[in-house]
Amino acid sequence: MKRKLFLLILFVASTLLLFLAMTFAVSASDRVVINVLSQPRREWELLEQYLPEFEERENIDVVIHYFAELERRSRSRLDAATGAGLYQVYYIDEANVAEFAANGWLVPIRDYYPAEYDFEGFSQPLVNVLSYDGVAYGAPMTFEGEIMFYRKDLFEADGIAVPETLDDYLEVVKHFHNPPDLYGTATRGLRGSGMNVWRFSPYLRRFEGRYLDEDGNPVFNSPEAVQAVEYYIELIKHSPSPTMSWSDVMDAFAAGKIAIASFANLKMDYLMDPEESVVVDKMGYAPPAAGPKGRVSNTSTHGLAISSPGCRTEEERVAAGKFIGWFTSKENEIRKVLAGSGLTNARTSTFASPEFAAAYPAEFIEAQLAMMEAQELTIPQIPQWPEIGDYLGLKLEELFAKAYVGEPYDIQAALDDAVRYAQEVLAEE
Amino acid sequence: MTKKQFFLLFMIPAFAILFFLAFYPLISAVYYSLHNWDLRSTRPIRFVGLQNYLRLLTDPRFSNALRVTGVWLVTTLFGSVFLGGGLLAPLIHDFTRGRWRTFCLFVFIIPALLPRIGAAYMWRLMYSPAIGLFNYFTRLIGIGRVGFLDNPAYALFSIAVIDIWQWSLLIAALTMILFEEVPQEIIEAGVLDGARRWQLYRYLIFPVIIPPFLSIFFIKAMESLRTFDFIFVLTAGGPGKSTETIDMYAYWQGIGSAGRISYASAMSTTMLVLTIVLITLVWKGLAKWHS
C-alpha cells in the first residue's frame, strides 16, 4: 500500500512540476518573441545571419517558420481565420492581401512601421499592391515584373532579332523549338492562382481581356480571353511540359534547354549564379513583347504584414513593426544586392544605387526600366480571388495537358465553366 | 484504493491524449460538416444540416475524386501486394540463403525508410521531361518523350509506381519473414509428394500465412486510401483533376485555397464512412473465403 501511495504522490507531483516548469518557461523571459510565417527564399537565408544584431539591439527574439509557397498561404489563412494567432508577422502577397485585409486579419502597417526605416522610400506601385481600400497593410520586400530572357548566343548564331510583338515572339519560339535538345520556350502550366493564372494574366491584358468588368462581374470568357488562352497554349506546346512550376521553368532555362522565355525579373539572380546555371554568360534581356493592347507586365510584390490575431498586445505589434522595418530597411536591401539577390528589393533608392548598377548588366537594367513603364496589377484585388483563380488554374491546366498530347479541347467551354464558378463564389457573399 | 482503481487512475492521461488526438478531430469533423464554416468569410457559423452532403452528390469534381481514389486504391494495393508478396518474396526466398537473404531483407526495407517527401522529389526529378533520367532512356530506346506526370492518362499510374516501389519491397520483406515461420515439415512433405515450387507456395505455404498476410493487405489498403504526400509533391492533383483523390480535393477545399472547412469536413466524413464499409465488407468476404 505504501508503495502505491508513493507512486501516486510521485505521479501527482511530477504532473504539477511539469505545469510549473511550463509556466516558468513562458514567464521567465522578458523578451518579446516574434514568430514569422515565411517561405524559403535565398535572401531570407542571407538576412537570417544578420538577425542577432537586431535581436540584441531591440531585445526581441525572432523565430522564422518556413513553409513552401502554397502551404504558407494556406497556413496563414488558417492561423488568422481560426484566431489561433501563432504568428505575429505574415508573409503576404498580391494574391491574399485583399482577403486578409477585408477580414480584419492585418494591422495597418504604417501605424507601426518605425519612422527611421522610411516607409516613403518604397516604390509606390508596390505599396499600392499591398493596400486595400487605400490603406497599406504590408511593407513590400520584393519587386516583380516581367522580363524577356533569351539565349543571346543562339540569336546571334541564327541572326534572329529580339521579338517586339507577341507574333514575333511566337515565331522565334517556333524557330528554335527542337526538342529534346532545345525547347522554344518554357512557361508555367501548373494550376493555381499564383501559378499558371499569374503567368497567364498579362497575356489576358495584352489581348485586351480582363477578369472583371466595372461592376465586378466575371468576364474572362470573352473572345479576347479565348484568344489569350489560344496564344498561351501555343507557348505551352513549345515548352518541355504543360505542367511546369516556376522552379521547373528556372531549372530548364538554367540547364540551357530553353531559347526564350518571359518571366519574373527577380529570377535573374538565379540564372546569374554560376553554380546553378550554365547560361550565365549567354543571356540577353528585353522588356516583354507587345500584344494588341501594347506591352503589359504584371506588378507583383511580396511583403510582410502584422497579424492582428497574432499580436494580442501593443508590445507585440510594436515589436512586429520593428522587425518588419529592420527586415525591409535600406541597409538590408543593399546587403541583398551585394550578395547577389538584388532583385528581391522594393526601394526606389536601391534600384538607383551604384551598388545595383555595378551588380547587373546595363542591358538588364534598361529592360527593367522599360518593363516598369508597362506595369499594372493584372489580377483583381478582391477577397474571393484565390478561390476563383485556383478554379481557373485547374481549367487552364486541363486545357494545356490536352493540347500538349494532341487531344481535342474547348477553350470557350472551359472559360464559361470557370466564369460560372466565379459567379457562384461572388454570389455567396 | 483498490488495484483496479489505481490502474484506472494511471490510464486517465493516456485516455485523455487518445481522446484529443483521435476522437476530438473526428467529432469536430462531423460537427463542422453540418455547419457552414468558411475560412474566407467572417460570417457567423450556422447549422445547415445535410446541405454539405447534398452538395457532394451534385459536385462532379467530387465524383471524379471518388473515381480517382478507387483507381489509386486498386492499383497501389494489388500492385504492391501482388508484386511484393506474390512474386518477389517467393523468388528471393527460393534463391537466397543465410547472409544473402538478410542482405536482401535489409535492402528491401530501405525505400520504406526514406522520408516520403524526399522520395517524391527524387522521383519528380527522374520523371522530368527536360532533364529527367526516364525520358533520357525512353529516347534512347526510340519511344521518344513520355509525359509521365503531365499526361492525364499516365499521371496517376506514374505516381502509383512510386508507391508500389516503396511498399512492394517492404511487403516482400515482411512476407519473407512470414515464410520463415512456416513449419519445415509441411514443405518437406510437399516436396516428397513431388509438388513444384509454385504449388508449394499456392497450396502449402500461403494458406499457412494467410491471417498475418491479410493484416498486411489491410494495412496497405488503409495507407493507400490516405495517400497524400506523393500526389501533392508530384502533381498536386493535376493535370486538371486527373490525380485528384478525395484527400487532395478535401485539402484544396479545406485549407489549400478555398477555405471551405465545412465542405471539406463533409468530404472527409463521407470518405471515413466509405472506408469503414469497404474494409468491413472485404474483411468479412475474405474471412468467409479463408474459412
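# Reading contacts in a two-chain model

Biologist: How many residue pairs are in polar contact across the interface of chain B and chain A?

Modeller: A polar contact is a pair of N or O atoms within 3.5 Å; within protein, one must be able to donate a hydrogen and the other to accept it, and residues adjacent in sequence count only if both atoms are side-chain atoms. Across the interface of chain B and chain A, 13 residue pairs satisfy this rule, both residues being at pLDDT 80 or more. On the side of chain B that touches chain A, the elements giving two or more residues are α1 (3-33) and α11 (246-256) of chain B. Helices (H or I, at least four residues) and strands (E, at least two) are DSSP runs, numbered from the N terminus. By class, that side of chain B has 19 nonpolar, 11 polar and 12 charged residues. Here Ala, Val, Leu, Ile, Met, Phe, Trp, Tyr, Cys and Pro count as nonpolar, Asp, Glu, Lys and Arg as charged, and the others, Gly among them, as polar.

Biologist: On what basis are such values given?

Modeller: This is a predicted model, in which local features need pLDDT of at least 70 and side-chain atom pairs count only at pLDDT 80 or more, while totals for chains, interfaces and linings use all residues. Residues are numbered from 1 along each chain as its sequence is written, chains are lettered from A and ligands numbered from 1 in the order in which they are written, and side-chain values use heavy atoms, with hydrogens and water left out.

Biologist: What area is buried between chain B and chain A, and how many residues does each chain give to the contact?

Modeller: Buried area is the accessible area (1.4 Å probe) that two parts lose on being put together, summed over both. Between chain B and chain A it is about 3,500 Å², with 56% given by carbon and sulfur atoms. The contact (heavy atoms within 4.5 Å) takes 45 residues from chain A and 42 residues from chain B.

Biologist: How many salt bridges are there between chain B and chain A?

Modeller: A salt bridge is a side-chain nitrogen of Lys or Arg within 4 Å of a carboxyl oxygen of Asp or Glu. The count between chain B and chain A is 5. One salt bridge joins the side chains of B:Arg124 and A:Asp248 (3.1 Å, N to O). There is also a network of salt bridges that links A:Lys395, A:Glu398, A:Asp417, A:Arg420, A:Glu424 and B:Lys241. Over all chains, the structure holds 42 salt bridges.

Biologist: Which parts of chain A does the salt bridge of A:Asp61 and A:Arg31 link?

Modeller: The side chains of A:Asp61 and A:Arg31 meet at 3.0 Å, N to O. A:Asp61 belongs to strand β2 (residues 60-66) of chain A, whereas A:Arg31 is in the loop between α1 (2-28) and β1 (32-38) of chain A, 30 residues apart.

Biologist: Are these two residues buried or exposed?

Modeller: Buried means under 20% relative accessible area, exposed over 50%, partly exposed in between (1.4 Å probe, protein chains only). A:Asp61 is partly exposed at 26%, and A:Arg31 counts as partly exposed at 24%.

Biologist: What is found for the salt bridge of A:Arg206 with A:Glu146?

Modeller: The closest N and O atoms of A:Arg206 and A:Glu146 are 3.0 Å apart. The pair links distant parts of the chain, since A:Arg206 is in helix α9 (residues 196-206) of chain A and A:Glu146 is in strand β8 (residues 146-151) of chain A, 60 residues apart. A:Arg206 counts as buried because its relative accessibility is 1%, and A:Glu146 is buried at 0%.

Biologist: How many helices and strands does chain B have?

Modeller: Chain B has 12 helices and 0 strands. Buried residues make up 48% of its 291 residues. Of the contacts in chain B with a separation of 6 or more, 68% come from residues 24 or more positions apart. One link within chain B is the salt bridge of B:Arg116 with B:Asp229, with closest N and O atoms 3.0 Å apart. B:Arg116 is in helix α5 (residues 116-127) and B:Asp229 in helix α10 (residues 229-234) of chain B, 113 residues apart.

Biologist: Why does B:Arg101 count as buried, and with which residues is B:Arg101 in contact?

Modeller: B:Arg101 is buried because its relative accessible area is 10%. This residue is found in helix α4 (residues 98-113) of chain B. Leaving aside neighbours within four places in sequence, B:Arg101 is in contact with B:His93, B:Thr96, B:Met176 and B:Glu180. With B:Glu180, the side chain of B:Arg101 makes a side-chain polar contact (2.8 Å).
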